[in-house]
Amino acid sequence: MKKLIASLVVLTFLSSCKNEQELKKNNNQIVNYPITKTIDTVDTYFGTEVKDPYRWLEDDRSAETEAWVKEENKITFDYLNKIPYRNVIKERLTTLWNYEKIGTPFKEGDYNYFYKNNGLQNQSVVYRTKGDDKTEHVFLDPNTFSEDGTTSLDGLSFSKDGSLAAYSISEGGSDWRKIIVLNTETKEITEDTLIDIKFSGMSWKGNEGFYYSSYDKPKGSELSAKTDQHKVYYHKIGTKQSDDALIYGGTPEEKHRYIYANVTEDDKYLIISPRVSTSGNKLYIKDLTKPNSKLIPILEDTNSTSHIIDNIGSKLFIVTNLNAPNKRIVTVDASNPTPEHWVDFIPETEHVLNPSTGSGYFFANYMVDAVSQVKQYDYDGKLVREIELPGVGSVGGFSGKKENKTLYYTFSNYITPSTSFAFNPETGASKVYVKPKVDFDPNQYESKQVFYKSKDGTKVPMIISYKKGTELNGKNPTILYAYGGFNISLTPGFSIANAVWMEEGGIYAVPNLRGGGEYGRAWHDAGTKMQKQNVFDDFIAAAEYLIDNSYTSSKYLAIRGGSNGGLLVGATMTQRPDLMQVALPAVGVLDMLRYHTFTAGAGWAYDYGTAEDSEEMFNYLKAYSPVHNVKPDVSYPATLITTGDHDDRVVPAHSFKFAAELQNKQKNGNPVLIRIETDAGHGAGTPVSKTIEQYADIFGFTLYNMGFDALPNATTNKE
């Protein structure tokens with residue numbers, strides 16, 4: 001099906017934008033791009049040859065790739081350092097970021113634990129108090145894990161009685177994890193560190209041990225080699241990792257790329273959820289109270305997404321989108337758990353359901369046009385109340401153990417900093433638990449939802465946020481941010497970085513594109529595989545709406561997105577380069593013909609399909625793949641590509657190859673730069689200091705290439 005013809009015939013060392021050509025922008029910066037060689041590498045798909053001249057950049061362990069990265073970063077930072085107000089943006093970001101952030105508490109054993117960041121700590125610290133004593137003590141401080149803050153705390157899980165804790169760490173932003181077990185009373189590490197763990201939770205069985213998931217260590221680069229055979233293990237405390245029992249996975253004829261395991265709160269059942277892709281799963285249950293019991297199938301195909309949210313004895317409560325695209329909760333007895341025995345508990349509605357449990361209640365969190373609505377139910381399925389929320393926005397929380405007397409939730413939107421509330425489940429009363437002291441006044445800003453029509457007439461929602469009194473004259477610097485994939489919903493949430501953008505007179509707009517989960521499975525599926533173009537059309541229509549309604553114009557529009565959103569930006573800027581002034585693709589999936597050959601990328605095929613599926617699918621992917629649709633002598637927008645050298649989810653080779661193509665073929669004076677963060681991955685766990693620097697660079701680059709000689713509303717001159 002696919003034939004690789006690789007010839008190491010090196011064509012001349014070519015400048016990425018033609019030798020000795022100097023590119024100029026209105027700001028008069030001159031960019032001399034590094035020399036990027038090309039190699040005569042050709043793939044053949046269904047009789048069609050596809051050139052891949054920058055294939056060599058996929059080798060993340062080669063000295064040549066390392067040298068290329070250093071040279072590109074030198075050019076990029078030489079450029080960014082000359083932006084006159086870049087440091088002003090960084091200073092304002094630092095000032096605004098510097099406020100105490102306190103998470104909601106959770107009880108484990110004799111202690112109440114919570115996360116706290118004093119403002120500018122690279123990583124949040126885990127504190128605890130004991131009983132009625134409110135004295136705070138540090139339990140885990142991830143800032144001590146490494147000198148530069150690049151080792152982060154990923155997960156924390158406690159044994160049944162809270163006497164032991166397992167926590168996972170990420171080094172340099174990698175998805176590979178280590179798990180460390182300690183005695184919670186003495187904080188002493190109790191055994192050897194578990195290594196080579198990826199895409200895993202830690203679910204305890206009593207106090208004896210816990211379940212986790214991982215892949216075999218890949219041959220070749222651990223940051224880019226393919227990993228597609230996930231396995232679930234059980235680690236018994238006091239034993240070596242090499243003795244851990246394989247519970248599920250590892251059968252060559254049946255590959256599951258993601259398998260998750262968890263134990264019910266009462267320690268009665270082990271739940272196994274195998275997945276072939278990021279959507280859909282099988283579901284199995286094992287009775288842990290019976291020695292040598294077998295896994296019992298609930299669902300044996302991956303045509304739906306289902307999970308057990310709770311149980312009372314043998315009565316299971318299952319959240320599912322089987323025959324319910326917007327999801328429902330059903331009940332069934334564990335002795336006969338297959339779908340023909342399911343009974344509706346909370347039926348499907350017109351809105352997407354995302355439920356939680358706590359204090360002996362169910363909380364049905366519905367998305368109504370991407371905005372939260374929460375209803376409380378008892379275990380008989382009776383509606384107790386619709387919870388009165390603080391405003392229009394997003395809530396998270398309403399979860400905890402059955403014995404909890406108080407639950408907590410957070411509320412925020414694009415102009416309201418996240419505030420924590422304590423909730424009494426018996427009375428329905430809420431009171432503020434922690435209100436952050438942020439140097440930002442929401443009353444000076446407005447955030448409104450609009451609906452616009454996409455190319456095929458589909459109505460799409462978008463929330464637009466900006467400073468009150470902003471004149472809609474088409475001259476406002478605007479960032480259009482979106483995602484559009486993997487059933488992920490973009491709900492309103494506060495961002496310090498976006499607050500600084502709006503302070504400077506910027507507009508921030510977020511459309512809820514097809515491919516996301518805002519309107520259930522049908523909305524998701526409408527942006528997958530052979531319908532992926534719908535996502536790009538939705539994004540283009542959002543930009544046109546902002547321009548047609550004078551929020552901005554093409555000269556003042558930047559498009560931004562990360563991961564699948566990076567693909568969105570790459571596809572949009574290659575299809576409509578005239579539409580925006582600036583493009584900001586971050587950690588993007590940009591080579592759609594080869595994405596599935598790296599790490600766990602094959603698991604994304606539900607959304608994308610692969611070039612090997614069929615000739616039709618190959619042609620469809622090639623038609624929008626950003627790396628394959630950069631044309632010579634086209635005027636592309638000013639582009640700042642961002643990635644991390646330890647990104648082993650979307651490998652940086654995607655960004656490397658896209659940057660090389662753009663630098664080689666860019667027609668006008670708009671710069672094409674790539675900013676490669678070292679000791680950083682896909683984004684999670686990035687130190688605060690690095691995050692602030694990244695946003696200062698992104699905002700500075702954006703405004704600079706919109707022609708601003710000074711900040712639109714310089715914070716240094718505010719009254």
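1. Start with the open sheet of 8 strands, whose order is β37-β38-β40-β39-β41-β42-β43-β44 and whose pairing is mixed. Its edges are β37 (445-453) and β44 (672-677); each has a single partner strand, so one side of each is left without a neighbour in the sheet. From one strand to the next, the twist averages 20 degrees. Please keep in mind that this is a predicted model.

2. Within that sheet, have a look at strand β42 (residues 582-586) and strand β43 (residues 638-644). They run parallel and are joined by 3 bridges. To find the pairing on screen, you could go to valine 582, which stands opposite alanine 638 in β43.

3. Two helices are worth viewing together with these strands. Helix α5 (residues 533-548) lies across β37, β38 (459-467), β39 (478-481), β40 (507-511) and β41 (557-562), and runs at about 120 degrees to β37. Helix α1, for its part, lies across β43 and β44, with an angle of about 110 degrees to β44.

4. Leading into β43 is a loop that deserves a glance. Aspartate 633 is found there, between α8 (615-624) and β43. Its phi is near 60 degrees, a positive value in a residue other than glycine.

5. Next comes helix α2 (residues 86-97). At 1.5 Å a residue its 12 residues should span 16 Å, and the end C-alpha atoms are 16 Å apart, which agrees. Which of its residues are buried? They are Arg86, Ile89, Arg92, Leu93, Leu96 and Trp97. These cover an arc of only 130 degrees around the axis, which puts them on the same side of α2. Among the elements that cover them are α1 (63-80), β8 (101-102), α3 (496-503) and α10 (688-704). So α1, already met in point 3 lying across β43 and β44, appears here too, as part of the cover over the buried residues of α2.

6. A second open sheet has 4 strands in the order β13-β14-β15-β16, and here the pairing is antiparallel. At the edges stand β13 (151-158) and β16 (194-198), each with a single partner strand, so one side of each is left without a neighbour in the sheet. The twist in this sheet averages 35 degrees from one strand to the next. β13 pairs with strand β14 (residues 164-171) over 7 bridges in the antiparallel sense; in this pairing, leucine 156 has tyrosine 167 of β14 as its bridge partner.

7. Stay with the edge strand β16 for a moment, where lysine 198 lies. Is lysine 198 buried or exposed? Its relative accessible area is 0%, which makes it buried. Leaving aside neighbours within four places in sequence, lysine 198 is in contact with residues including Asp175, Trp176, Tyr215, His230, Thr599 and Asp648.

8. For a small motif, try strand β11 (residues 125-130) and strand β12 (residues 133-140), an antiparallel pair with 4 bridges. They form a hairpin with 2 residues between them, and glycine 131 in the turn has a positive phi of about 60 degrees. Lysine 130 has aspartate 133 in β12 as its bridge partner.

9. Finally, compare the setting of asparagine 292, in the loop between β23 (283-287) and β24 (296-299). Asparagine 292 has a phi near 65 degrees, a positive value in a residue other than glycine. With a relative accessible area of 78%, asparagine 292 is exposed, whereas lysine 198 of point 7 is buried.

Note on methods. Residues are numbered from 1 along each chain as its sequence is written. This is a predicted model: local features need pLDDT of at least 70, side-chain atom pairs count only at pLDDT 80 or more; totals for chains, interfaces and linings use all residues. Side-chain values use heavy atoms; hydrogens and water are left out. Two strands pair if DSSP finds at least two bridges between them. Axes are lines fitted to C-alpha atoms, for helices over the stretch in contact, and angles run from 0 to 180 degrees between N-to-C directions. Buried means under 20% relative accessible area, exposed over 50%, partly exposed in between (1.4 Å probe, protein chains only). Contact means heavy atoms within 4.5 Å. The expected span of a helix is 1.5 Å times one less than its number of residues. The arc is that of the directions from the helix axis to the C-beta atoms.
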